[in-house]
Amino acid sequence: MTSTYAVLSEGLEKRFGEVRALRGLDLAVQRGTVCGLLGPNGAGKTTAVRLLTTLLRPDAGSARIAGYDLVREAAAVRGAIAVTGQYASVDGDLTGRQNLRLFARLHRTRDPGGRATELLARFGLTEAADRPASTYSGGMRRRLDLAASLIRRPEVLFLDEPTTGLDPASRSDIWDAVRELKQDGTTVLLTTQYLEEADQLADDIALVDSGRVAHTGSPRELKALIGSYAEVVVADPDVLTQAAGVLDQLTGTEPTFDHERAAVGAVTRDSTLTLPRLVRELDAAGVPLLDATLRPPTLDEVFLRLTADQEVAV
Amino acid sequence: MSTLAFDGTAMLGRQLLRVRNNPALVILTQTMPITMLLFFGYVFGSALAMPGAEYRAFLVPGLLVATAANGIMTGMFQSAQDVHRGVTDRLRTLPVSRAAVPLGQAVADTIVTAAGIVPFLLVGLAVGWRVEGSATAALGAVALLLLFRFACTWIGIFLGLLTKSEEAAGQLGSATFMLPLLSNAYIPTDNLPGWLRTLAEWNPLSAVATALRDLFGNAPVPDGASWPVAHPVAGSLAWCAVLLAVFAPLAVRRYARA
């Protein structure tokens, strides 16, 4: 097992009747990193995870997980992974402790009861340990799901939308757990609809759109792909057009207006454009400025832009 | 094989914990056949040509078999619920023997059924049912009944994995209610029109009910019956073997299918 990739897939395809859920998914996740599969609902993220965790059989393509062939060595793959997601859940009829003991036994843990107690404490579930899991709050349930995945340290952990529907405090608990796992050397592949989540956790982000990986890169690289965003707010709405003209010249892209705020902004890939220069040029043109910003785009802006480009390309 | 035994035992433990955590549900399930025994035994019993006490002794084995056939619905409901709640997928991603999960479920269900037989037979004794034959034969009857339940549960597990729908399992509940009506579980088939009698006697429930009556010594094997009823023990064993041979592999394959 010398491969540097914990997950390596080539051309994975899956079709459900007429629907082509995956149309050739290529994914490479380095060992010990966190990879975020980011995309809207229906992009194919969940199908991708279900394929990569042996729950579905690919129609075409191949993948190696922790060095094992996904199809031919499915049992070995299962021995190396753990999965947490909306569809792969613990048993609500059992208590938290009973669930963890069951999974510990199935993992051949020497002391299932002790391991369960340990994990309950680590995830702040000691008090609720002997209540049926069906009575847990969303956040507790998700922590128990995650604890069940960590009975034995997996080589690759798959988290399918681990924080969807959680309150901010519970979300940050899950984030902390993921960061800890990464420090321990576990490879994590997580899907999310939240750009902030991918930005916070992922070393690499794969933007998934229409069953394919549209772009891959670090959060910084993806942001650099569409450059910076310059925006100015003017004192007098009448000079907005004039300000837009200056922005157009400086950035070479068509500015977008926000008339309500008397603001105009434009994307720039020009790295020589600095905030002082922006202010100087506008001042020289006699535009009365109230505010000026030059910042990296948010992942939301990146995502909207890149997927919009895709649609144009199709 | 040792993997299967270990994982199967773990899954069996899980199912029994579910029962322990939901005693109300189990008690409710167990009171149903008792209610039917009292209801049928006294309402139908007073309308039939057969004396009431004799009918109730005839009915006890019939209701045992009808309850065993409910394993189809119970098995279907449980496995559909597991699929629906994501427990099945979680288990599928573990390095666990593929047959262990359905096997654990079927064995647990059979154990719960065995426990439920006791209160039912106590009520049976109270309304006039007796073991008229040998104790060995009576134990054989119970073993046969549990084997039949085990086979029925596998049918249910397969259907549950196939439909993945708890609603469908509920709908099937009405269908399994019909099964004993078209058998000799509640009434003797001797006086049915020829074709209907043949149909009812080829219902697996008829063979098992007749075998139970024979082994408990409650009623003789009827004359001129179709083969499974005329040879009730062999017929019951054959039915169980066929059902298991068909549905256990189907269920395991369905479970393992990625």
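How many bridges pair strand E11 (residues 228-234) of chain A with E14(A), and in which sense? Six, in the antiparallel sense; the legends below start there. This is a predicted model, so local features need pLDDT of at least 70 and side-chain atom pairs count only at pLDDT 80 or more, while totals for chains, interfaces and linings use all residues. Residues are numbered from 1 along each chain as its sequence is written, and chains are lettered from A in the order in which they are written.

**View 1. The open four-stranded sheet of chain A runs E12-E13-E11-E14 with antiparallel pairing.** Strands (E, at least two residues) and helices (H or I, at least four) are DSSP runs numbered from the N terminus, and two strands pair if DSSP finds at least two bridges between them. E12 (256-258) and E14 (289-295) of chain A sit at the edges with a single partner strand each, so one side of each has no neighbour in the sheet. In the E11-E14 pair, Tyr229(A) stands opposite Arg295(A).

**View 2. Two helices of chain A pack on that sheet.** Helix H9 (residues 240-251) of chain A touches E11, E12 and E13 (263-268), and its direction makes about 5° with that of E13(A). Helix H10 (residues 275-284) of chain A touches E11 and E14, at about 145° to the direction of E14(A). Axes here are lines fitted to C-alpha atoms, for helices over the stretch in contact, and angles run from 0 to 180 degrees between N-to-C directions; contact means C-beta atoms, placed from the backbone, within 7 Å.

**View 3. Helix H6(A) has a buried side and a face turned away from it.** Arg171(A), Asp173(A), Ile174(A), Ala177(A), Val178(A) and Leu181(A) are buried (20 or more other C-beta atoms within 10 Å of a residue's own; 12 or fewer makes it exposed, and in between is partly exposed). The other face carries the exposed Pro168(A), Ala169(A), Asp176(A), Glu180(A) and Gln183(A). Packing partners of the buried residues include strand E3 (34-38) and helix H5 (138-149) of chain A. Just after H6(A), Gly185(A) takes a positive phi of about 95°.

**View 4. The largest nonpolar core has 139 residues.** Such a core is a set of buried Ala, Val, Leu, Ile, Met, Phe, Trp, Tyr and Cys residues joined through C-beta atoms within 7 Å. Ile65(A), Val65(B), Phe148(B), Val208(B) and Leu212(B) touch the most other members. Helix H7 (residues 135-163) of chain B gives the most to this core, with 14 residues.
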